[in-house]
Amino acid sequence: MVPEAPSFTTSSEREVWELLREQLGDDDLLISGQRISARDKDHEIDICVAFADAGIVVVEVKGGQVWYDDGWWIDRRGREDRIDPITQAREAQYALRGWLDRDPRWGSRSGLRWGHALVLPHTKIAEDFGTPDAQRWQVAGRDDMDGLADFLRRVVTGQTNNKRMLTLDDVDALREALAGRGLPQRDLIGFAAERDDEVERLSAEQAVILRAARLLNRVEVRGGAGSGKTWLAVEQARRLSREGKRVALTCYSRGLAAWLERRVATLPRRERPAYVGTFHNLGVEWGAPTGSEDDSHFWEVELPTRMVDLGREQPEGRLYDALVIDEAQDFADLWWPAALAALKDEETGGLFVCTDEGQRVFSRYGGPPPGLVPLVLDQNLRNTRQIAESFSTLAPIRMRLGTANGPDVTFVECPTTDALDVAEDHVDWMLDAGWRPEDLALLTTGSRSAEQRLRQEAGADAYWSTFWDHEQVFYGHVLGFKGLERPAVILALNETTISERSKERLYVGLSRARDQLLVVGDPDFVAEVGGPAVLRHLRGG
């Protein structure tokens, strides 16, 4: 039904609508009160029925007593008025057809069966009725109400022409077209900018948690995706720096570190932390060697172990009064001694960490040192309600959803092996919808895209510089995109094998889009990894 709960001008229209609601099949489409604006005049369709295996019938409804005497007449409380209901129905039909032919989502669906009809729920129609503009099979009276849906269906099935019958695909296209096209580009971008301001404002309100914790020296902020943890990490580092403390703001991910550096660069100089960057680069600044990008043992074990000794060899002036660590669930147990070695006092130095256990996407285990006071963020600030609902059951804690509405999540179903190709095919679709290249990211959960691998050949710094390139769509992987976001995201679920961290990768991927999300993948994969609730939300239910 379009709309689901319509309002009616007359009780007769409501009566006819309720009858059809009960009589139509599950695949049929019932439309009411649809206005069509044309250059010559505006049209309003009382009722329109799209039969999934027949055709489209536009219906004019007239209550009260109606009769034909050299034209159509109606009794309006004792006053006889001339009417022209057949012309109304016919013109409304052609207005709808013309409007659909101009809509790109309707496409070239010519040659369909169309018809128009008049329904008079309170008037008896003789079986031999007929006028120059309407035959008995086009006019339903009160004796036809019990089988009204079948009566209207015969308006199109009884045609003796070569027009084709409607299909379920045609019905879906009609419903989509009637939903209206998206906002023009400037409005879509304006919506995103307005949302950006709103997210910033709501994140700032979270600073109350910092005021409450100002006397606490060691804190763990726990929260789900989109709860404002990264904003709080920067704000805490800013406040501590303003107090004159030497602060290190760090994380594991290079992409997030690059974002933190740019964010901090906008602060007044006296409020900037002394160090902003990755945890491993901190060791390089102390004199540790840089290993090969492909040597995971070096980064996971050798460098953190070496950093413990290097930290203790540093003069006090190069150490820190406080550490602020974002996405701290990425840290292995072996890394924490190295992190604490960066403090002037490992026992009493400030330690402020942000964690989300649901985003523990790497195959390493660890937890922050004991004694941290836990503070919980339980409201999603970043994502529209439609996006937040898609991953709400994957969050480690129950999150309160925001009130911002946006486009429904789009789920393009295909085999896992085709997910990346199909996702790349939809980049232009998102750009045509009004997003700029700088607003859009294509993320994978399995193998990296060819475009990402090509950009990474120039080195990590050059690759991450494309994140801020206004002329390019960003291509990345969910593992490197934690803590980051884009107004619009295409997520390719291209993991060919389910692993112990597949659920976490799905959670991260679904939560990266702020305003619009398109997911491409196998529904069976989603159901197995994320559960039936996630699949239901992706499918719009």
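This is a conversation about how some descriptions of this predicted model are reached.

Colleague: Let's start with Cys 354. Why does Cys 354 count as buried?

Modeller: Buried means under 20% relative accessible area. Cys 354 has 0% relative accessibility, so Cys 354 counts as buried.

Colleague: And what makes Cys 414 buried?

Modeller: The cut-off is under 20% here too. Cys 414 has 12% relative accessibility and therefore counts as buried.

Colleague: How do you know that Cys 354 is in no disulfide?

Modeller: A disulfide needs two cysteine sulfur atoms within 2.5 Å. For Cys 354 the nearest cysteine sulfur belongs to Cys 251 and is 11 Å away, so the pair does not meet the definition. The structure holds 0 disulfides.

Colleague: Cys 354 sits in β15. What makes you call that strand mostly covered?

Modeller: Strand β15 spans residues 350–355, and 6 of its 6 residues are buried. Gly 350, Phe 352 and Cys 354 point one way from the strand, Leu 351, Val 353 and Thr 355 point the other way, and all are buried.

Colleague: Which strands does β15 pair with, and how do you know?

Modeller: Two strands pair if there are at least two bridges between them. Strand β11 (residues 218–223) and β15 have 5 bridges in the parallel sense, and strand β14 (residues 322–325) and β15 have 4, also parallel. Val 353 in β15 is the bridge partner of Glu 220, and Val 353 is also the bridge partner of Ile 325.

Colleague: Now the sheet with β17 in it. What is its strand order?

Modeller: It is an open sheet of 5 strands in the order β17-β21-β20-β18-β19, with parallel pairing.

Colleague: Why are β17 and β19 described as standing at the edges?

Modeller: β17 (410–413) and β19 (474–477) each have a single partner strand, so one side of each is left without a neighbour in the sheet. Neighbouring strands of this sheet are turned by 20° against each other on average, direction ignored.

Colleague: How do you know that β18 and β19 pair?

Modeller: The requirement is at least two bridges. Strand β18 (residues 440–444) and β19 have 4 bridges in the parallel sense, so they count as paired. As an example, Thr 444 has His 477 in β19 as its bridge partner.

Colleague: What lies across this sheet, and at what angle to β21?

Modeller: Helix α17 (residues 502–510) lies across β19, β20 (486–492) and β21 (513–521), and runs at about 135° to β21.

Colleague: Arg 512 is in the loop between α17 and β21. Why does Arg 512 count as buried?

Modeller: With the limit at under 20%, the 1% relative accessibility of Arg 512 means that Arg 512 counts as buried. Leaving aside neighbours within four places in sequence, Arg 512 is in contact with several residues, including Ala 225, Gln 359, Arg 382, Leu 443 and Glu 485.

Colleague: On to the helices. Why are α1 and α3 called roughly perpendicular?

Modeller: Angles from 65 to 115 degrees count as roughly perpendicular. Helix α1 (residues 11–23) and helix α3 (residues 148–157) pack at about 85°, with their axes 8 Å apart. The two helices are therefore roughly perpendicular to each other. In this contact, Val 16, Leu 20 and Gln 23 of α1 meet Leu 148, Ala 149 and Leu 152 of α3. The residues divide into 5 nonpolar, 1 polar and no charged.

Colleague: What about Gln 93 in helix α2 (residues 85–101): what makes Gln 93 buried?

Modeller: Gln 93 has 3% relative accessibility, so Gln 93 counts as buried, the limit being under 20%. Beyond neighbours within four places in sequence, Gln 93 is in contact with Val 58, Trp 114, Gly 115 and His 116.

Colleague: One last sheet. Why are β4 and β6 said to stand at the edges?

Modeller: The open sheet has 3 strands in the order β4-β5-β6, with antiparallel pairing. β4 (66–68) and β6 (79–83) each have a single partner strand, so one side of each lacks a neighbour in the sheet. The twist averages 30° from one strand to the next.

Colleague: And how do you know that β5 and β6 pair?

Modeller: At least two bridges are needed, and 5 bridges join strand β5 (residues 72–76) to β6, running antiparallel. Ile 74 stands opposite Asp 81 in β6.

Conventions. Residues numbered from 1 in each chain as written. Predicted model: local features only at pLDDT ≥ 70, side-chain atom pairs only at ≥ 80, totals over all residues. Heavy atoms only, no water. Axes fitted to C-alpha atoms, helices over the stretch in contact; angles between N-to-C directions. Contact = heavy atoms within 4.5 Å. Buried < 20%, exposed > 50% of the residue type's maximum accessible area, 1.4 Å probe, protein only. Parallel < 35°, antiparallel > 145°, perpendicular 65-115°, else oblique. Nonpolar A, V, L, I, M, F, W, Y, C, P; charged D, E, K, R; others polar.
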